[in-house]
There are 2 protein chains.
Amino acid sequence: MIPELKRLLPKMQQCELFHFFSLEELVQLFNNITVEIDRIPKGKLYAQRGKPLESLMVLLEGELSADMLNIEGQVLKVENLKAPSPVAAGLLFASQNFLPVQLTALHPSTIVKIPKESLLFLAGQEPRILDKLLSDAGNKIHFLAEKLKFLQINTIEKKLCTYIWEQKNLQNSNTIELPYTIQTLSELFGIPRPSLSRSLGLLVDEGIITREGKEIKIVEIEKLFERCLLE
Amino acid sequence: MIPELKRLLPKMQQCELFHFFSLEELVQLFNNITVEIDRIPKGKLYAQRGKPLESLMVLLEGELSADMLNIEGQVLKVENLKAPSPVAAGLLFASQNFLPVQLTALHPSTIVKIPKESLLFLAGQEPRILDKLLSDAGNKIHFLAEKLKFLQINTIEKKLCTYIWEQKNLQNSNTIELPYTIQTLSELFGIPRPSLSRSLGLLVDEGIITREGKEIKIVEIEKLFERCLLE
């Protein structure tokens, strides 16, 4: 194994996909496959939108800006990706396996590229990698399908009340555990995080719910239901 | 192997997940795992929304109605599922692995349930199953992400022109192959299929594109671009 990859393996271990493994096991896993290492200087455009995805890109050092171009060529920020993090992993195995964003290094960055075939090989050898690849994809599908649903609800309050109502039914209890952080929940609803926090605060102030961290207790169930119906 | 499963294997073979295999190979694969077979009489509610998904349900005979309940308890049809077809496969490995719809038999139906662990076992044994599970999930992610994007475009014409424009860039040619059928494309845009056909026809009538089946040739590229910008 080249020393550079060996140096990076502890960072690879911090990725959820590989955190089950000891460093020794990782050395063994990566001895069986060939990877490429890309170093990207600060400010450099690393990959353009539409680039075919043939490898799992794992950002191990630095930070990337993921941007879209609108039809007039203006750059629209999608998100910043901080190491360690896989990039566009969900699309790697899609038939239309194109990078949906362009990637620019905000800081000097290092990406290890694991070819698709090598990843399939690893997943065949290691059920935990297989399970993680499938559960990551499943979670992404769930998130996007929910996001589509909540886009159709117009107000923040109604989104939030409907979400709490559905969790009540799924968790079969008037005290629910939010499955997401407020940050992720605001991405799900497609709204700014402070707006969601404010809306949650208002429901607490009105005595409809109480909240402790991720735990929400429904106090006034009929009022909650009314808010779900409000136009 | 019980005779009932043996009888169903030719239908299993028609599913994309298993169509790589000969019947003999399928007998061997299914001899190594335990499955359940459910028979559902016509009209019966088979599964309620929110049911935890512990197995891959493969509908091998009959037809199911997949419905949502809105918050007031009204039934909203999502789709009809015709055999042979897996059911909610993309969510099986999600952390929030709940059935997002309720399932009712429109005709007498048969479902074979392959436990999640057995499916992981098969995927570990057979790279083609693994690859198919991941590519199905990747395709679903791609479709949902695109759908979210096109929801933000207001008119059918603008959706369609933007789609053609993006495919031109991705396929790097003024003659593009639509990656989807008109039916699927209309689902992507969230519009009725006849409306999409009409809009396509208008672009042809105006001489902006020509179309032969799935092949679209851009004739008036500047006019196409203008339509992408139209408010």
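**Entry 1: burial cut-offs, then a helix pair**

I count a residue as buried under 20% relative accessible area, exposed over 50%, and partly exposed in between. Note to self: this is a predicted model.

I tried the cut-offs on Asp136(A) to begin with. Asp136(A) comes out at 36% relative accessible area, so I put it down as partly exposed. Its partner Lys132(A) has 11%, so Lys132(A) goes down as buried. The two side chains meet in a salt bridge, 2.6 Å from N to O. Both residues sit in helix H4 of chain A, 4 residues apart, or about one turn of the helix. That fits the general rule: with 3.6 residues a turn, residues three or four places apart on an α-helix point the same way.

**Entry 2: Arg227(A)**

Next I went to helix H8 of chain A (residues 221–229), where Arg227(A) has its place. Is Arg227(A) buried or exposed? I have it as buried, because its relative accessible area is 15% and the cut-off for buried is under 20%.

Which side chain does the Arg227(A) side chain make a polar contact with? That of Glu157(A), at 3.0 Å. The pair also passes as a salt bridge, the closest N and O atoms being 3.0 Å apart. Glu157(A) is in helix H5 (residues 156–171) of chain A and Arg227(A) in helix H8 of chain A, so this pair ties together parts 70 residues apart in sequence. Glu157(A) itself is partly exposed, at 24%.

I also listed what Arg227(A) touches, leaving out residues up to four places away in sequence. Besides Glu157(A), I got Lys158(A), Cys161(A), Leu203(A), Glu206(A) and Ile208(A).

**Entry 3: more salt bridges**

I searched the whole structure and got 27 salt bridges over all chains. One I looked up in chain B joins Lys11(B) and Glu61(B), with the closest N and O atoms 2.7 Å apart. Lys11(B) belongs to helix H1 (residues 3–14) and Glu61(B) to strand S3 (residues 55–61) of chain B, so parts 50 residues apart in sequence are tied together by the pair. Lys11(B) is partly exposed at 27%, while Glu61(B) is buried at 15%.

Over in chain A, I found a network: Glu4(A), Arg7(A), Lys11(A), Arg39(A) and Glu61(A) are joined by salt bridges that share partners.

**Entry 4: where the chains meet**

How many residues does each chain bring to the contact? I have 43 from chain B and 42 from chain A. Interface size is often quoted as the accessible area lost when the parts come together. For chain B and chain A I wrote down about 3,700 Å² buried, with carbon and sulfur atoms giving 74% of that.

I then checked for charged pairs and found 1 salt bridge across the interface of chain B and chain A. In that interface, the side chains of Glu166(B) and Arg49(A) meet at 4.0 Å, N to O. Polar contacts come to 6 residue pairs across the interface, both residues at pLDDT 80 or more.

Which helices of chain B supply at least two residues each to the side that touches chain A? My list is H3 (116–125), H4 (127–151), H5 (156–171) and H8 (221–229). The largest share, 17 residues, comes from H4(B). Sorted by class, the side of chain B that touches chain A has 25 nonpolar, 11 polar and 7 charged residues.

**Entry 5: under cover in H3(A)**

I looked at helix H3 of chain A (residues 116–125) for buried residues. They are Lys116(A), Ser118(A), Leu119(A), Leu120(A), Leu122(A) and Ala123(A). What covers them includes, from chain A, helix H2 (23–31), strand S3 (55–61), strand S8 (109–115) and helix H4 (127–151). H4 of chain B is part of that cover too.

**Entry 6: symmetry**

Last, I superposed chain B on chain A. A rotation of 180° with 0.0 Å of shift along its axis does it, at RMSD 0.1 Å. The two copies are therefore related as by a two-fold rotation axis. Which C-alpha of chain B is nearest the axis? That of Gly124(B), 2.3 Å from it. I also compared the contact residues: 98% of those of chain B recur in chain A, the same surface serving both copies.

Methods. Residues are numbered from 1 along each chain as its sequence is written. Chains are lettered from A and ligands numbered from 1 in the order in which they are written. Side-chain values use heavy atoms; hydrogens and water are left out. Contact means heavy atoms within 4.5 Å. Buried area is the accessible area (1.4 Å probe) that two parts lose on being put together, summed over both. A polar contact is a pair of N or O atoms within 3.5 Å; within protein, one must be able to donate a hydrogen and the other to accept it, and residues adjacent in sequence count only if both atoms are side-chain atoms. Ala, Val, Leu, Ile, Met, Phe, Trp, Tyr, Cys and Pro count as nonpolar, Asp, Glu, Lys and Arg as charged, and the others, Gly among them, as polar. Buried means under 20% relative accessible area, exposed over 50%, partly exposed in between (1.4 Å probe, protein chains only). Copies are superposed by least squares on the C-alpha atoms of residues with pLDDT of at least 70 in both.
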